[in-house]
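Let us walk through this structure together, one part at a time. Have it open in front of you as you read.

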Amino acid sequence: MLKNFVTPDLYPAMPELFLLVMSCVLLLVDAFLGRAQRWITATLTLITLAGCALITYQTMDGQVVLTFSNMFVDDLLADFLKLLLYFSVIIAIIYSRDYLAARGLDKGEYYLLVLYATLGMMVMISAAHFLTLYLGLELLSLSLYALVALDRDSSRATEAAMKYFVLGALASGLLLYGMSMVYGATGTLEIGGVAQALHLGVANKTVLVFGLVFIVAGIAFKLGAVPFHMWVPDVYQGAPVPITLLIASAPKLAAFAMALRLLVYGLFDIAEHWQNMLLILAVLSIALGNLAAIAQSNVKRMLAYSAISHMGFLLLALLSGTVGPDRHYALNAYSSALYYVVAYVIMSLGAFGMILLMSRAGFEAERIDDFKGLNRRSPWFAAVMMVLMFSMAGIPFFIGFFAKFAVLLAAVDAGHVAVAVFAVIFSLIGAFYYLRIVKLMYFDAPEESAPIKASPDMRFLLSVNGAAVALFGLFPDALMSLCTYALLRSL
Amino acid sequence: MSSFLLSLAIWIPILGALPVFAAGEHKPLVRWTALAVALAGFAVTLPLYFGFDPSQAGMQFVEQRPWIPRFNVEYFLGVDGISVLFILLNSFITVLVVIAGWEVIEEKLAQYMGAFLIMSGLMNGIFSALDAVLFYVFFEASLIPMYIIIGVWGGPNRVYAAFKFFLYTLLGSLLMLVALLWLFLESGGSFNLLEWHQLRIEMLPQMLLFLAFLVAFAVKVPMWPVHTWLPDAHVEAPTGGSVVLAAIMLKLGAYGFLRFSLPIAPDASHYFAPLMIALSLIAVIYIGFVALVQADMKKLIAYSSISHMGFVTLGFFLFNALGIEGALVQMISHGFVSGAMFLCVGVLYDRLHSRQIADYGGVVHTMPKFAGFLVLFAMANAGLPATSGFVGEFMVILGSVKVNFWIGLAAATTLILGAAYTLWMVKRVLFGPVANPQVAALEDINAREFLFLALLALCVLAMGVYPYPITEVMHASVDNLLKHVAVSKL
């Protein structure tokens, strides 16, 4: 047996291996640390992520490299997404530190679980095989279930974790079932192999489309698209804010990668089937997300519904690829989807960061009314939040506008003019609840006058986050071109 | 050629808002910084006018460089005879607004001044953008400062008015966005407006485009029946907000017709011209009657604005030089006159905190200087010869008689209606016996108020007596536009 063993090329998976080793080290180190020394764990976590970023950056060469018997792929898209992933996790950790410390939640588990979730996402991003993808997804999901229940004395958090777990397990099951169908039809679990089998036309179409339905359902669940969105508002609201922040940012990148790998890399030849399915999901998500958000009085819940509508836009971009003999025909649509998800992650980090900023020991800034009169308490952070809200609403000059712009352009290009008009009308409805936050901050008197307290690094980072939303709006080309280039070299 | 002037006109006010914000609670510093920025913004627009070559119909002071190469979006600025005047008007009004808010605004002064400066820059951007995305971006971004201005410094019902303003105008512009995207694909990947003007388009798409633009611009003008946001916004906005809204923002919609609807969809424009003329006449006559019964001064002026803007859209869709030039003159004149009227109401409101006509009476006895100004502006609003109000209205009426006598007749009723509602208001506010002790205790305008009213009075009179410097600039561009619109694109 062992004679046939070939050592796989470990080079492309260096960041993952580094992260894995470091997390094992941390696991040991943390066992010897008390609460007072928790900062060591935090710092080591940040260093680990920075190290991953460095390795990924150093090994980035634009080549598509497959390793581990074609189970793992390292391409420019993966590197690009991973770099964004590290950044968003680093930012999430820094935003969360004060909040967790004030509530005694800054346990070693938090940092470890975050690292394992990150590892899961990295594996998902680099998956070239159904099994790899599934493993990464499960690692991510299991870590997140535990994180949601991090505050174990909170019944709401526990309930949210239960709900997340049950529904998440169901969705994983659906996905797995779909994969098995596709395996049955094509005889391979490799994503590249599936694409080849489809291209040659040897696959049984009926079984394939049947499997596709389940795969799309699984993806829709992970993205939180209607009608698989039920968990989103409850988990967003029930989880502690730092965990919501985490769930609302980085996993969207991984879910996007999953959708892209499965649908575009694997099942491109039956694109017209999944495009029609995504169309329904997109339209429903945009409509329901925007309508339901209006009725919310809890910021986290409102942002959850807003996330649903944003995922609708993302799906709209994904389905707008024109079907041709070559995936490159659809480059425009996929790069706008990538751009959209990047923009969304930046905005989402900022918005939840603002909630963390407003919260302090013994006080959760969860109600929308907690933003009342922020302009009088801190004009600067009111401006940051205003920028974030207008950006999410898709008002220029902010990044959110250009993300919507790129998506709508792709949709119109694909002939979905009516859907574009529909999306635009619901953006108008969506503008209302973002405007309401601005109204509360600027037009209303504050309910309390306590000054905003936060550590300087968080203030700085949050300011940079807000500035990024504005600057990427004034100069949107760099990020757009980067997204396009990363995809161009990886399709 | 000094081709960075337009960029300066846009970015000096926007970036100049930053030191104003930074000055924070130090009020004298805020005021003088804001004034300096506004004056600098105005100063850089002067060479635009004096360096403008009126014999040329094309774009001047052009700046063109890539902005988003990914989608072939350019930072493409330029002005022709149609737009240059509005940049001047806008920068001038901004100076007045800063002076008008000098000591009246007590709360968050820095944000007030900063918001107006940013808005001024954005609106210069709208008037000079020749790239559709750039135009759209400025067009929509200008909603943000206005929303804040109405909501923070507005009257009791400000929240309702701010939301209504924002959502109403956003609805219009979002449909326009889809139209712009469609045009981008149809033109083979260009957002260049000048290229779009040459694009051949079938009749049905032209009609759909025209309707999409119509929604966007009609809301902004505003045309009847989508005008209902304007009275609310005007009544609740602080004086400066009303001035900018009436003097500049309303012009954006009308400008959009000239830059988008007419040249891109000329056949549809001709097809829909009867509808547009009908809507304009309804605005002129019906809204004129509505203005007559208003008890609130600001509301009255707001309705009078809608009625006057009806004249503007009427002029555009007559498709003759008199009509379009008249409409443009009317736009400029209305910028001065409505701005002045709102400032006058602001002067009264600052003293008595009421905008109800019934709360006043006999103001002339206590504020003779103010009364003089108000009578002058009221006359201009009513279209008295030798004031700026007369020139544009007269040209449009002449233009419409050329097309159809009855249109001209209907339009001419504005001379009666306008006189009726304006002068009746003036009569009730200024003349008669002193109505109540508060009015008896009024103090006449101070030097600051005298300054901005006198500046506006000068403009109104100068334009009424000698409009040539204004019409001269626009001749070539308007002729060019008319020639372009006369050619079918089918």
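A:Val148 is a good place to begin: leaving aside residues up to four places away in sequence, its contacts include A:Ala157, A:Ala160, A:Ala161, A:Tyr164 and A:Val235. A:Gly238, A:Ala239 and A:Ile243 also touch A:Val148. Here, two residues are in contact if their C-beta atoms, placed from the backbone, lie within 7 Å.

This is a predicted model, in which local features need pLDDT of at least 70 and side-chain atom pairs count only at pLDDT 80 or more, while totals for chains, interfaces and linings use all residues. Residues are numbered from 1 along each chain as its sequence is written, and chains are lettered from A and ligands numbered from 1 in the order in which they are written. The predictor's confidence in each residue, from 0 to 100, is its pLDDT; for chain A the mean is 88, with 98% of its residues at 70 or more.

Back to A:Val148: together with A:Tyr340, it has the most contacts inside the largest nonpolar core, a set of 414 residues. Such a core consists of buried Ala, Val, Leu, Ile, Met, Phe, Trp, Tyr and Cys residues joined through C-beta atoms within 7 Å. Buried means that 20 or more other C-beta atoms, placed from the backbone, lie within 10 Å of the residue's own (exposed: 12 or fewer; partly exposed: in between). Helix H14 (residues 331–358) of chain A gives the most to this core, with 21 residues. Helices (H or I, at least four residues) and strands (E, at least two) are DSSP runs, numbered from the N terminus.

Now turn to where the chains meet. On chain B, 27 residues are in contact with 25 residues of chain A. Helix H7 (158–186) of chain B brings the largest share of chain B's side, 15 residues.

Chain B also has a hairpin to look at. Strand E1 (residues 60–68) and strand E2 (residues 73–79) of chain B pair in the antiparallel sense over six bridges; pairing requires at least two bridges found by DSSP. B:Gln60 stands opposite B:Val79, and B:Pro66 is opposite B:Glu74. Among the four residues between the strands, B:Asn72 has a positive phi near 55 degrees. E2(B) is largely enclosed by the rest of the structure, because six of its seven residues are buried.

Last comes helix H14 (residues 321–352) of chain B. 27 of its 32 residues are buried. After H14(B) comes B:His353, with a positive phi near 55 degrees.
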